[in-house]
There are 2 protein chains.
Amino acid sequence: MKPQTTDLEQSILEAAERLFLEKGFAGTSTTDIAHAVGCNQALVHYYYRTKERLFRGIFINKINLLLDYLDKFEYNGCMMSAIGRVIDFYFALLRSNPRLPFFVMNELVLNKERREWMRETFVENEKRRRVYYSFSEIVRKEVEKGTIRPIEPLFLLLDVVSLVVMTFTTLPIYADLLEKSEQEVDTYLEERKKEIFIFVMKGLQP
Amino acid sequence: MKPQTTDLEQSILEAAERLFLEKGFAGTSTTDIAHAVGCNQALVHYYYRTKERLFRGIFINKINLLLDYLDKFEYNGCMMSAIGRVIDFYFALLRSNPRLPFFVMNELVLNKERREWMRETFVENEKRRRVYYSFSEIVRKEVEKGTIRPIEPLFLLLDVVSLVVMTFTTLPIYADLLEKSEQEVDTYLEERKKEIFIFVMKGLQP
DNA sequence: ATCTTATTTAATAAGGTTATTAAACCGGCT
DNA sequence: AGCCGGTTTAATAACCTTATTAAATAAGAT
């Protein structure tokens, strides 16, 4: 009665993903992962050699998933509708991966080496730089035109990211502390998205 | 040459605090703590019995520190100056304890049992309920008066908390990824505070 | 049927973790 | 000096962690 005849390598990756997202790197052992899959612990090492390598693969994947969504900022002349689209897309993404942003932040904040590795891998990455650069150019021009108030591009980014990310990061706290049902959480998220959009829109008015 | 003739019990607490804040519960061992103090590992247990008890003491302390600052919301007729004061106070607090909000969030998000314990300890706490209730009444009245746009009190709270907390949570990422000096980080925080204030002020306009 | 190669397992090395224990230490009191 | 209580230590139990190894198993090719 094997767990499934599907690829064990893949199952291990998925279990690792779920557990790392839920309990973090330090809170998850390779034994936990093997147990979740229902296989021998040595298999985790057979396929991924070390816990760190397994983690890295997942980590880089998740960061890319998050960063790629920034491309959804397809500016077509209207700042607010571009921002609205990004908010929409991130809400959709995080709706099905609520722990994602916390996971990435968590590991970056808790581990200096990972920050260094992240700098080498992403900040010094030409494509990523370009995306940020073109975003900041758009913001600068909008400010010049007077369609939005004067604001540092980085701050605008941080404002939106803060609001969206914290919504999902605090979601388990919201749900458990205030004992909300899944249905209530759904409604809450819908309302929250609207609030963020209004807040940003008003907050950017000249 | 004793580490200091000061209270070892206190030194242990302080080292534990520093390490838990920096690396989280799972990432810190009692051996690490003893090592940081320069004492025997058994001493940590002699004074605090278990790692969990030691952690809880620190954790409850930090939550209280954070929640008590909400009292700085001394409303005297002007919403924005009250919010401005809260932002100011939190920036001052977090300036010297930048990892504090992340620490609390981290442990609450990563550990379901802690969320349950937190609900019993705080949400069912009369004093805390009153503070939130009076805040939400003020918001409701301001909305009625038309001095601010319609907004759920919880959302307003979450908006401000998100912006402030994320500023400090992402600080190590900002500093390390963009290789900023301490001086630059200072300026950044000063600018960021202003931005948050403007953003919230504009974001609340009717 | 046997060989081959990839997969999976049990066993284990090497080390780390929390928590307890019994013994040593040390300063003050009688 | 001897005793006492709180403090500190070394030693250790019991267990968990990562990673490796050698042997067992499975499955396809010849």
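Phe25(A) is buried, with a relative accessible area of 17%. Buried here means under 20% relative accessible area, exposed over 50%, and partly exposed in between, using a 1.4 Å probe and protein chains only. This is a predicted model: local features need pLDDT of at least 70, side-chain atom pairs count only at pLDDT 80 or more, and totals for chains, interfaces and linings use all residues. Residues are numbered from 1 along each chain as its sequence is written, chains are lettered from A and ligands numbered from 1 in the order written, and side-chain values use heavy atoms, with hydrogens and water left out.

**Phe25(A) and its surroundings**

Phe25(A) sits in the loop between helix H1 (8–23) and H2 of chain A. Helices (H or I, at least four residues) and strands (E, at least two) are DSSP runs, numbered from the N terminus. Leaving aside neighbours within four places in sequence, Phe25(A) is in contact with Phe20(A), Lys51(A), Glu52(A), Phe55(A), Glu107(A) and Arg114(A). Contact means heavy atoms within 4.5 Å. Cys78(A) is 53 residues from Phe25(A) in sequence, and their C-alpha atoms are 41 Å apart.

**Chain A as a whole**

Chain A has eleven helices and zero strands. Its C-alpha atoms fill a box of roughly 65 × 45 × 30 Å along the principal axes. Of its 206 residues, 47% count as buried. Among contacts in chain A between residues at least 6 apart in sequence, 65% join residues at least 24 apart. The chain exposes about 10400 Å², and carbon and sulfur atoms supply 53% of that area. Accessible areas come from the Shrake-Rupley method with a 1.4 Å probe; for residues, only the protein chains shown count as cover.

**Two copies**

Chain A can be laid on chain B with an RMSD of 0.0 Å, by a turn of 180 degrees and a shift of 0.0 Å along the axis. The two copies are thus related as by a two-fold rotation axis. In chain A, Gly203(A) has the C-alpha nearest the axis, 2.0 Å from it. The same surface serves both copies: 100% of the contact residues of chain A recur in chain B. The superposition is by least squares on the C-alpha atoms of residues with pLDDT of at least 70 in both copies.

**Buried sites in chain B**

Helix H6 (residues 100–110) of chain B is mostly covered, with ten of its eleven residues buried. Among them are Phe102(B), Phe103(B), Asn106(B) and Glu107(B). Glu142(B) lies in helix H8 (residues 126–145) of chain B. At 3% relative accessibility, Glu142(B) counts as buried. Beyond its neighbours within four places in sequence, Glu142(B) is in contact with Tyr75(B), Gly77(B), Met79(B), Thr147(B) and Ile148(B).

**The DNA strands**

A residue is near a strand if one of its heavy atoms lies within 4 Å of it. There are 16 residues around DNA strand D; Thr30(A), His45(A), Lys51(A), Asn40(B) and Tyr47(B) come nearest. Of the strand D atoms within 4 Å of the protein, 61% belong to sugar or phosphate and the rest to bases. Helix H2 (30–37) and helix H3 (41–48) of chain A, with helix H3 (41–48) of chain B, each supply at least two residues of this surface. H3(B) gives the largest share, four residues. By class, the surface near strand D has seven nonpolar, eight polar and one charged residues.

DNA strand C has 15 residues around it; Tyr46(A), Tyr47(A), Thr30(B), His45(B) and Lys51(B) come nearest. Sugar and phosphate account for 63% of the strand C atoms within 4 Å of the protein. H3(A) gives the most to the surface near strand C, with four residues. That surface has six nonpolar, eight polar and one charged residues. In these classes, Ala, Val, Leu, Ile, Met, Phe, Trp, Tyr, Cys and Pro count as nonpolar, Asp, Glu, Lys and Arg as charged, and the others, Gly among them, as polar.

The table lists polar contacts to the DNA. A polar contact is a pair of N or O atoms within 3.5 Å; within protein, one must be able to donate a hydrogen and the other to accept it, and residues adjacent in sequence count only if both atoms are side-chain atoms.

| Residue and atom | DNA partner | Distance |
|---|---|---|
| Lys51(A), polar backbone atom | Strand D, phosphate oxygen | 2.8 Å |
| Asn40(B), backbone N or O | Strand D, phosphate oxygen | 3.0 Å |
| Tyr46(B), polar side-chain atom | Strand D, phosphate oxygen | 3.2 Å |
| Asn40(A), backbone N or O | Strand C, phosphate oxygen | 3.1 Å |
| Gln41(B), polar side-chain atom | Strand C, base nitrogen | 3.1 Å |
| Lys51(B), backbone N or O | Strand C, phosphate oxygen | 2.8 Å |
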